[in-house]
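Got your viewer ready? Load the model, find the selection tool, and follow along stop by stop.

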Amino acid sequence: MRTDTIGRAILKGKGAARARAGHPWIYRSDVAEAEGGAGDVVRVTDRAGRLLGRAFYNPQSEITLRIVTREDEETDEAWFRARIQKALAYREGLKIDADAYRLVHSEADGLPGLVVDRYGAYLVLQIGSAAVERRLDWVLPALQDGLAPTGILLRGDAASRRREGLEVGIRVLAGEVPDLVVAREGRVRYEARLKTGQKTGSFLDQRENHEAAARYVEGAENVLDVFSYAGGFALHAAQVAKGVEAVDSSGGALDAARRNAEINGLENLTFTRASAFDLLRERSDRGERYDAVILDPPAFAKSRREAPRATRAYKEINLRAMKLLAPGGILVTCSCSYHFSRELMEDTLRSAAADAGRTMRIREWRGQASDHPEVLTVPETRYLKCAILERG
Ligand code: SAH
């Protein structure tokens, strides 16, 4: 097993307080001194020399340090392997009824900047830190020994990689990876485009919400799945509801949803290409009624600055959706914007219900699937919210 070189970093008071509070991200402005190169592991102390842990270092990144351990331990090959094995064991324990799910979830698995998603026999990696990228020859064997995948793909197309000084692009790291894989999520099978689809090919963080939503639409006459993408919610709902309409502004997404309906032998789905805002407004103005409406928009707030505008957009679609519900109807409403917090979402839904003149009972508040765990002291790991409400 190979060992690692070690640099050092000293934090200012604010950075040290943040590290002690359990947040792994230390910004450049909170670092007093640092020695090392991009991707090195550094020993981190406060100004008095007290140990705070060890961190991935990248002087090019705004998040200059990512603390990986609070101990003074070697982060050698065996350490990486142990973290990966622990992450795999956690998923094993979840007894996931699917063959596509997240195996490693970055900070939440103690491996900042490493995401590993499984799609059947294939693995898709997203790497957002120079330290992980440099140690790929440690990471890949650990994954191969644990899982024996047919192929491993790096989805390195996120623009954020540039901020870490990493090359942007998609490449096969091991074996062979086809453009298209058929994955299974509970009762549903779907095509995932690992090289070109959104994220690593699908919205794996919604897996448990897809299944939860289906529990509420048993026997529903009509379900409207807005922002459907390849039919994540629609395909599950269509197993138990009489009719489901999938709405998306992207023709490509609807083509994928149509093929997925075929793969599952479902004939009770329709597909509508439209802007969600226009469609919801027109149909609520016409007084149409649905037994269930599902809203899963893209992140309207990508930064704190965008939160006010995003709030107006979330309110608009939720208000319209509430108006569209028949008495007893179900609203499944999601937000994946970290900057649109659970509290802000609750306020926004309250104000939408008030303006829609609807009494809405809360059936469930949900988050991202349990293979995408949240860390209590790292609020950024909690981003996906999903409320299930019932019109009273
Ligand atoms: N519900 C999906 C994921 C949705 S991703 C699942 O569970 O798998 C968000 C989707 O919203 C994308 O497919 C995107 O094409 C679509 N979209 C974005 N803006 C839109 C708009 N204004 N109107 C309709 N669809 C939109």
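Here is a short tour of a ligand site, a pocket and two cavities.

Before you click, know that this is a predicted model, where local features need pLDDT of at least 70, side-chain atom pairs count only at pLDDT 80 or more, and totals for chains, interfaces and linings use all residues. Residues are numbered from 1 along each chain as its sequence is written, and side-chain values use heavy atoms, with hydrogens and water left out.

**Stop 1: the ligand**

Select the ligand and the 17 residues around it (a residue is near if one of its heavy atoms lies within 4 Å). His210, Phe227, Asp248, Ala276 and Asp296 come nearest. Now look at N and O atoms within 3.5 Å of each other. The side chain of His210 puts an N or O atom 2.7 Å from a ligand oxygen. Switch on the backbone too: a polar backbone atom of Ala276 is 2.8 Å from a ligand nitrogen, and one of Phe227 is 3.0 Å from a ligand nitrogen.

How much of the ligand does the protein bury? Taken alone the ligand exposes 580 Å², and the protein buries 87% of that (Shrake-Rupley method, 1.4 Å probe).

**Stop 2: the second largest pocket**

Next, select Val68, Arg83, Glu107, Asp109 and Gly110, which lie nearest the centre of the second largest pocket among its 22 lining residues. On a 1 Å grid over the protein atoms alone, a pocket is an open set of points with protein on both sides within 12 Å along at least five of seven lines, and lining residues have an atom within 4 Å of a point. Its volume is about 470 Å³, the space filled by probe spheres set on the points. Colour helix 2 (77–94), which gives the largest share of the lining, five residues (helices are DSSP runs of H or I, at least four residues; strands are runs of E, at least two).

**Stop 3: the cavities**

A cavity is a set of points where a 1.4 Å probe fits but cannot get out. The whole structure has two of 30 Å³ or more.

The largest cavity has a volume of about 50 Å³. Select its lining, including Gly39, Phe56, Tyr57 and Glu164. Which element gives the most to this lining? Strand 6 does, with three residues.

Finish at the second largest cavity, with about 40 Å³ of space. Tyr314, Asn318 and Cys334 are among the residues that line this cavity. Its lining divides into five nonpolar, four polar and no charged residues (Ala, Val, Leu, Ile, Met, Phe, Trp, Tyr, Cys and Pro count as nonpolar, Asp, Glu, Lys and Arg as charged, and the others, Gly among them, as polar).

Key: A polar contact is a pair of N or O atoms within 3.5 Å; within protein, one must be able to donate a hydrogen and the other to accept it, and residues adjacent in sequence count only if both atoms are side-chain atoms.
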